[in-house]
Amino acid sequence: MNRHPGSRAPGSDFADRLQQRGANDLHRKRLAASIAQQAQERTAAQNAASQRHQRDIDHYLSAAQEIPLYQVGDSTTRSVSNNYSALMRAALRAMNGGEPEVLLCWPAHQPCLSALVALLAICETTAVPRYVADVQGAKTKIAERPTALRAILYPYARTAHALAREVHVDRNALGKLHMQHLSRSIGGDDDAALKDYHQVLTRASKITGRGSDGNDYVELTHPILDEIVPHGTALSGCAANGELLWYTRTKTDLKKHSRSGAADKPESAKFYLFGIRANDPLERELRAIKTAPDIVILDLSKAGRARFGFDWLPAAKTAVESIRAAYPKTGILALTDDPWTYDAVRFDLLGRKTHPKRTHMTPAAGQALLMRDEGILASSNDAGDVSWRGAASMEVDGFVGQLSEVIGSFRAIGAKLRDRGNRLGAEAAGDVVAKLRRSACLPGSLADFSSFLEREAGEAIAADNLAAYRIEPEVAALLDVRNGASLVAADELENAISKARTLLEKAETATSMSTLVEEAVLPAERASSRTVVLFRTEAMADFCAYLLGRDHPKLHERLENGFVRFTTKQGFLDLAALEPTVKNHYKRAVFVAPTRHTILQLLAQVWLPHQLSFLADGDTLKFAARDAARLADQLQEDELVRRLRTFSAKAATRLRELGDHQVELDRTIAPTEDVEFPAGSIIDLAGPNRRTDTTLLELVMENGQRIIARPGTLLVSKDSDRAVARFVEVAAKDVQAGDELCVIGPAFIEKARGLLNLTAAAAEEIRDYHQLVLQKFNALPGGNQGGRLRELCQRMSAPDILPTRAHYWIDLEREAHKPLYEVIPHAPQDENTFRRFTAALEIGPTITKRFWIWAVIAQRSSRHRAGAAFHDAYRGILTDPHAVLAENRERDADIRALRAVSHEFVARVAKVRPAGAR
């Protein structure tokens, strides 16, 4: 029977099948070739890894013990602590393999990363073989050439060197070691940088402890650990306090030593620590490092993540992509102090895709380190085995209620605003969430807290403290049409604000935590054993003691005789350090509104009371339970694992009983911010490094507030000698008792932000500033960018400002294409330098002052939350009102309202004294 020509299925003819078979054969051949190529690439990678200099880790760690180390002020030799030995081992693994590795340093602990690099440098120079040779007729021990050690620390801050300055390196052993290296260098076998490195450190044996003033100082007996490896940036080089033996050289006669200086130059140094700050131009810094570094250290501790700003993970991803593109074979060591961050870094940041078309990520290698002590050197009284005590019974309680629904609404609004590029609105929504949680976690009502503060500290300090519980400034920012948040989420926003205000009205009479605390603490009235209750701050402890003692006389008696003790985390740690005959009388501990970090840290304490009770809001319990379960999977200590698993199970069970069904959290969900209870009685305008500054002044006001300032810090003084009082600037050193100052503290800023939101104004002004700078810079003579930069630096008449530094201020093309909330001011952060810069660009003083206030200071304050930056911005508005009004006519009403309410925050100076004096 003949078939119809169209009855056969398409592609089923014999010729079609032959064609399909040929296509399949071709596909198989291509697949086999691809597999063979991948195998060849893996083999090549393994061969490249085998050609990499492999350091014998055990030998290096044992070699580190050859150089005696001391704690500053102590003559007892100590070895490197187990914590830093583990860090060195991980760093050496990363250098050997060229692969990323992530460390979880827990409990929350931030190692000194510059000390880690210095210890690795000691390993490099001591682990090399020695041989005996005839030098000028004498048998001399000579060390072979060490492998270079060049490390990148990112994001960098000067605080990375703090602990390294408290450790001494034995001068005789260090000098003898580098003399063995110098004997090799003299023979012409080394380049100038390596020879200079050994030559300088050989001078360490000449240190006597005598300063340049002729007196003997114990801190000058040996060089410190921070000065045996030069550190700086690739573009700017070493700072004065980053060169070899910088500390000893400035204090003793070693500064007279002549040298080539090649060991301190980043382009030639064999031992160097490149510190790249989060705001530095990363790609330019990486291009300036001509030789690939041996290791890249990522500081992703809490302090390191804060340096990235608003959202650390995307910023860190961009940085890692740049680092991998520049140095694909360099090992990366990332240090974290948080379980969620640890997983996020292993998977999202440093993980690799096994297949380009699949989403599965192969996590980077990781390890959790149980870091019990915080020193670089081992303690002289290390006990060896740990004897765990307590925590046999645990109770977990908390609250969810309507608070969970309201903060969920604001988080959704914040996420929507963040997706639309409205960073200011997202921050305001986040601040509302923080204040709602803070209010709910108070151990008493807001009305009682206000009365307590007014009775104990006065109205001004009470106003500063209570500013942290009012949401009106954030509501004003969200409803401000210039912000745009009300246009993005109008209906949801109005409903959420209404519910938030209702919650705060209820908190005026009672909070969720107040009833929880009362129920948990009152059994101590009848208990035969002692009870310790932990609060976040001393103010919270005193407040709760006042409330419960007022309403329960029996409990007040027990508080007075110490049978019940209200304290803070530090007070609890002091209690745990007492003799067992004292601390073992405390059988029960109650933790009130702890952070998730505090919960986990306390569970890691060797000694704990027999019974533990945790009282927290639902968010804290959820994420603390998840982190506890993660840690239990990472650690090896049986008792600690038992504690963590018990807490995790108890918290999850209690949350389900409360009706919160989102207990099993996915790994990718980031934890919420911890509840903070800020104190507002001290206004710190001194800025960084205030602990080492002996010239600071403390201005004590009659209402109890205190201002910490440097002598030259400009304050706002009220001039009442005129018929109409006005505000004027006055330096802190010129303030005398009886003067009146406008105290720009938390209460002032809370009020001012509701009237004149500086952060919203900054977002509007910063693009105008960038456009004007580009226009003026392009008009400079010079022919090209390099010539114009040199002309700009010459006009500024500042020898310390180099074209490489000034380039950042005019590198603005990419900022023009960023979302507005991501734009940062590329401008000098010092006012004098800023004025020199704008004058060199022929920008007039009037518009310079405008941009300094709105585009630099206000934007900086929104990113760093620095009280000093807010102070500077509002100071200019108060002391120079006519210029500000003339330049900002659209904000005329807001500025006048701000000046009117400023008189409410004027206080009289009671005394002026050096900071810290009593």
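How are α12 and α13 oriented relative to each other, roughly parallel or roughly antiparallel? In this predicted model, helix α12 spans residues 401–419 and helix α13 spans residues 423–440. The two helices pack at an angle of about 165°, and their axes lie 8 Å apart. Angles over 145 degrees count as roughly antiparallel, and α12 and α13 are therefore roughly antiparallel to each other. Their crossing is left-handed. On the side of α12, the contact is formed by Leu403, Val406, Ile407, Phe410, Arg411, Gly414, Leu417 and Arg418. Helix α13 contributes Gly425, Ala426, Ala429, Val432, Val433, Leu436, Arg437 and Ala440. Of the residues in this contact, 11 are nonpolar, two are polar and three are charged.

A second element of the model is an open sheet of five strands. Strands of a sheet pair through backbone hydrogen bonds, in either a parallel or an antiparallel sense. Here the pairing is parallel, and the strand order is β15-β19-β18-β16-β17. Strands β15 (393–399) and β17 (564–568) form the edges, each pairing on one side only. On average, neighbouring strands of the sheet are turned by 15° against each other, direction ignored.

The edge strand β15 pairs with β19 (residues 611–617) in the parallel sense over seven bridges. Within this pairing, Gly398 has Ala616 of β19 as its bridge partner. Helix α24, residues 596–603, packs on the sheet and touches β15, β16 (530–535), β18 (586–592) and β19. The direction of α24 makes about 170° with that of β19.

How values were computed:
Residues numbered from 1 in each chain as written. Predicted model: local features only at pLDDT ≥ 70, side-chain atom pairs only at ≥ 80, totals over all residues. Heavy atoms only, no water. Pairing = 2+ DSSP bridges. Helix = DSSP H or I, 4+ residues; strand = E, 2+ residues; numbered from the N terminus. Axes fitted to C-alpha atoms, helices over the stretch in contact; angles between N-to-C directions. Contact = heavy atoms within 4.5 Å. Parallel < 35°, antiparallel > 145°, perpendicular 65-115°, else oblique. Left-handed = near helix turned anticlockwise from the far one by under 90°. Nonpolar A, V, L, I, M, F, W, Y, C, P; charged D, E, K, R; others polar.
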